[in-house]
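Please open the model in your viewer and keep the sequence panel beside it. The tour below moves from one selection to the next and says what is found at each stop.

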Amino acid sequence: MKLSIIRSACGSLRMHPARPVSGVSGLSRRCHPAGPTHSRVILRAASAASSGGANPVPAVHFGKPPRKEDGFEYDSSLSEVVRSTKEAMLALQTRNSTAQPLLAIIQAGEDDRLLEISKKIAGRIGLNITQICLPKECSEDEIVEEVLKLNEDPGVHGVYLHLPPASLTSRVLNTLKPEKDVDGISDLNMGRLVRGDMSKGFVPPVASAVLALLEKHDVPLEGKAVLMVGGEGPFRVALQCLIERSGMVVSKSHWSSKNLQSQVMQADAVVLLGAEIVDFPSTWVKPGASVIRCMPTLETDEHAIGMSSNVGLGALTAAYRTQNVVRSCDRRLQEQQYQPWHLRTLKLQPLTPVPSDIEISRAQTPKPVEQLAEEIGLLPEELEAYGRSKAKVRLSLLDRLHEQPDGKYVLVAGITPTPLGEGKSTVTIGLVQALTAHLKLNSFACLRQPSQGPTFGVKGGAAGGGYAQVIPMEEFNLHLTGDIHAITASNNLVAAAIDARMLHEATQSDKALYNRLVPTVNGVRRFSPIQISRLRRLGINKMDPASLTPQEVSTFVRLDLDPSKITWQRVVDTNDRFLRKITVGQASTEKGQIRETGFDIAVASEIMAILALADGLEDMKRRLARMVVGTSRCGEPVTAEDLGVSGALAVLMKDAIKPTLMQTLEGTPVFVHAGPFANIAHGNSSVLADKLALKLVGRDGFVVTEAGFGADIGMEKFFNIKCRASGLRPDAVVLVATVRALKMHGGGPNVSAGAPLPREYIDENLSLVAGGCRSNLRKQIQIAHLFGVPVVVALNVFKTDTQAEIDLVCQIAKECGASNAVPCHHWEQGGRGSLDLAQAVNEAASRPSSFQFLYNIEMPITEKIRTIAQKVYGADDIELSPEAKDKIDYYNQQGYGSLPICMAKTHLSLSHMPNKKGVPTGFVLPIREVRASIGAGFIYPLVGTMSTMPGLPTRPCFYDIDLDPVTEEITGLF
């Protein structure tokens, strides 16, 4: 046993031995002695020979401090409790060698009689004890403050409030977490006891001690009459329930009752409750009966006479309390294990015609996020709620479930889309609703957070649609939990640091720069940790700022950024074409430091890509530090760590790294995290969201994640970039197609956002459908097969599709190599409309796969680009511009040649030409420029003309978005 004494409000240091043979030191504050408030039991066994009130009543005293310095003399009750608790402790530590139950005692004053009793019992069991001494006249707020600290301390498994009755207010009792309430005094635990549900609660140790004394005699308890005299409140109710459950019959009386003598004479046992000390003649007690007195004091009973045992109620109660602490620790360890799901799904009542997305979302009441979290096995401390319907999930979950096998991993991709999108998010949601709400298989959807650019621009939101949505869709599509805002702030902090550093270097001497970068604070001058890292990278192994030579000072303070080679731009999460090229530094205060730069949309920031690819906080910090923001005039890369800003970036991103938990219309779980575009970034949700979900669903569950745009873009990057970073391997691909997109690839007219669909897309046209299937659909299936993953084609059915068109798509898809092809009606039916897809995915994911990467990571950069262009896009070859060749040479020189490739290419065609549909051939892919995201960990070639800042159309979506100022309801989102 180890004893430590921690926080308190007053006093000095003192030592407390843990055992007679060994001890550890602890801290305490000396306070004025306070009257202790522990219960005691006095058992009075009536003598058959006694004949008058003057005869002494033999008794066993429970509550008196032990007379032997080396421990207690155990009676059979105490011995049995200690023995069984010690066995439970050994079993606990056999399962988990690091398990160490800890009891915290909060007391007013410094009366250590309870502590001494608890130490001796705990020493024999191996339990740790912490004592917290508060002032004798402590306030309710002081008690609550200590209780809250212990609630949040994972190392504390039980809390005993050793306080005066007046201090045990309802607020104090119910502040204590029920799982740490080892005295069973909170309202919730009392209620559990009364109901007979002790799976999570605790029997009060004093009540257990009373029962143990009643059971001590070698007579059956069944049918015995027990009289309870005096006392009020929850403890009496709890004790009555326990006695009755033992088979005894309970009656109650008060000290003022006229029938008290006759009631006592008829009882087989009498339990006296409350602080009153009332004796009655032994002639009242029938031969062989027991009298047990429970009272709130540890004071010695001068009238009690010791019999065969010296053990007090303090010891027996302490033993039962330690038993509860060990049980609490055991429950805690069991909670840490993987828990089966107990998911309550939400009922759907689809309407015809299908209402708007926002009307459907608003008609469904989502479960409280805490309830959803509990249903899928998350612990309360792993959740950070943001309102009622969404919450961040802490990454500690990965440590807790690190031994839990992953579930099955399914990617949803698509054929080359029309500008309207083909519904991958809707298919993803419909699939998980079908898997979980209807097939009763655990599943998780992992989606990207939508950018406000498309939400207010053309495309609208990304929460799915119809009866396959994430809810509340307004919260999903707008600010969510602020991750994109954190990325925007972080990105722009780097941009501000770049311009400020160039200004200060241009206007100050080496000495002045050095004095400001390494100032003297309170007479001490030292490098910050991030500056020490820079010194080491420069080969300067000095810690004393005064020891640097003038040349070393100059090398240290001068980043010497070349304004023409700064690659970092500012970002904003709005489509704003007029920010594509801007001029900064025009104010006179910037002293002529004018340069051209521009804005990207926030989700194009490298920090977004880092968020999506990082596998933890430490990994994110390293990636942020090595982001290259530009090049010095001598050709060396300059990083965020060189700027001294990477630590601050980690601070801004510390909450953004946690995935956000939401739910579908049918109450199944969804992780929303990260949102890089697929045409200008790698287009996938976060590695961390997938990893957390794979642990939560269990071995037989499914994680369904989505890749942006067509399989040639989002899926290729998912495999070659995301899977390399995560180490995860997919079990199946769902390839989403629509009759509308297939007709376009089969030779149909162009489709434009905001314009009415041509007749070819409304009327049945089997020829166009077949042409699209045998061109683009076949090619996308072949791309998936390059990676050795089985493909299920999901046809997202629209109301204009005919049965003949649907049947034709499914038939040709199978001919082209799909494992299966099924129509999906989730938009109008919810999960029930995707049951065929769910069954097909379950079957495909159960087959062995032979996943492989498309290229060896050590191939030259040019060859990796060529491999993607030829095998995925179908190009004859690639053509590198002189600028692209120079950049590739530079990246090879800097050691970046072994990074994967992230092609920045139009999503509207397999080629670089948006108007070329189907499967273009005979083209050479032009590589205009090659850039590097060193922090994210990839090289990204720009194919043709690619903009990283979208513009607004003539009639953006925001025309239809409005707010009712009375109800605060949003309209117009879709």
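Is L757 buried, partly exposed or exposed? Before selecting anything, keep in mind that this is a predicted model. L757 has a relative accessibility of 31% and therefore counts as partly exposed, since that class lies between the limits of 20% and 50%. The residue belongs to the loop that runs between α25 (739–745) and α26 (766–786). Add L420 and I762 to the selection, and a nonpolar surface patch appears, in which these two residues and L757 together offer about 190 Å² of accessible area.

**A sheet with antiparallel pairing**

Next, select β21, β26 and β27, which in that order make up an open sheet of 3 strands with antiparallel pairing. The edge positions are taken by β21 (561–566) and β27 (637–639), and because each has a single partner strand, one side of each is left without a neighbour in the sheet. From one strand to the next, the twist averages 50°. Zoom in on β21 and β26 (residues 628–632), which run antiparallel and are joined by 2 bridges; here L561 can be seen opposite S632 of β26.

While β26 is still displayed, pick T631, which lies in this strand. With a relative accessibility of 11%, T631 counts as buried. If residues up to four places away in sequence are set aside, T631 touches L561, D562, K565, E636, V638 and Y890.

**A sheet with mixed pairing**

Move on to β34, β35 and β36, another open sheet of 3 strands, arranged in that order but with mixed pairing. Its edges are β34 (877–880) and β36 (938–943), each of which has a single partner strand, so that one side of each remains without a neighbour in the sheet. On average, and with direction ignored, neighbouring strands of this sheet are turned by 50° against each other. Now show helix α30 (residues 861–873), which packs on the sheet and touches β34, β35 and β36, its direction making about 135° with that of β34.

Within this sheet, β34 and β35 (residues 924–933) run parallel and are joined by 4 bridges. I878 stands opposite L925 of β35, while E879 has P926 as its bridge partner in that strand. Colouring β34 by residue helps to separate its two faces, for I878 and L880 form the covered face, whereas D877 and E879 form the uncovered one.

**Two loop residues**

Which residues does H157 contact beyond its neighbours within four places in sequence? First locate H157 in the loop between α3 (140–151) and β8 (158–162); its relative accessible area is 9%, and H157 is therefore buried. Its contacts are Q100, P101, L102, E179, K180, V182, V325, S328, C329 and R332.

For the second loop residue, select G592, placed between β23 (582–584) and β24 (595–597). G592 counts as exposed, at 57% relative accessibility. Measure from its C-alpha to that of A506, and the distance should read 9.9 Å, although the two residues are 86 positions apart in sequence.

**Salt bridges**

Side chains of opposite charge can pair when their charged atoms come close. The structure holds 49 salt bridges, and a few of them make useful stops.

Return to R332, one of the contacts of H157, and display E381 beside it: their side chains meet in a salt bridge of 2.3 Å, N to O. This pair links distant parts of the chain, with E381 in the loop between α11 (369–375) and β13 (383–385) and R332 in helix α9 (residues 313–336), 49 residues apart. E381 is partly exposed at 25% relative accessibility, and R332 is partly exposed at 22%.

Then go to D642 and R537, whose side chains meet in a salt bridge of 2.4 Å, N to O. Here too distant parts of the chain are linked, since D642 sits in the loop between β27 and α22 (646–653) and R537 in helix α18 (residues 529–537), 105 residues apart. D642 is buried, with a relative accessible area of 10%, whereas R537 is partly exposed, with 42%.

Finally, select E843 and R847, which form a salt bridge with their closest N and O atoms 3.1 Å apart. The last selection is E384, R394, K654, D655 and K658, which are joined into one network by salt bridges that share partners.

Terms used: Residues numbered from 1 in each chain as written. Predicted model: local features only at pLDDT ≥ 70, side-chain atom pairs only at ≥ 80, totals over all residues. Heavy atoms only, no water. Patch = residues over 30% accessible without salt bridge, like charges linked within 9 Å, V, L, I, M, F, W, Y side chains within 5 Å. Areas by Shrake-Rupley, 256 points an atom, 1.4 Å probe, with all protein chains shown as cover. Salt bridge = Lys/Arg side-chain N within 4 Å of Asp/Glu carboxyl O. Buried < 20%, exposed > 50% of the residue type's maximum accessible area, 1.4 Å probe, protein only. Pairing = 2+ DSSP bridges. Axes fitted to C-alpha atoms, helices over the stretch in contact; angles between N-to-C directions. Contact = heavy atoms within 4.5 Å.
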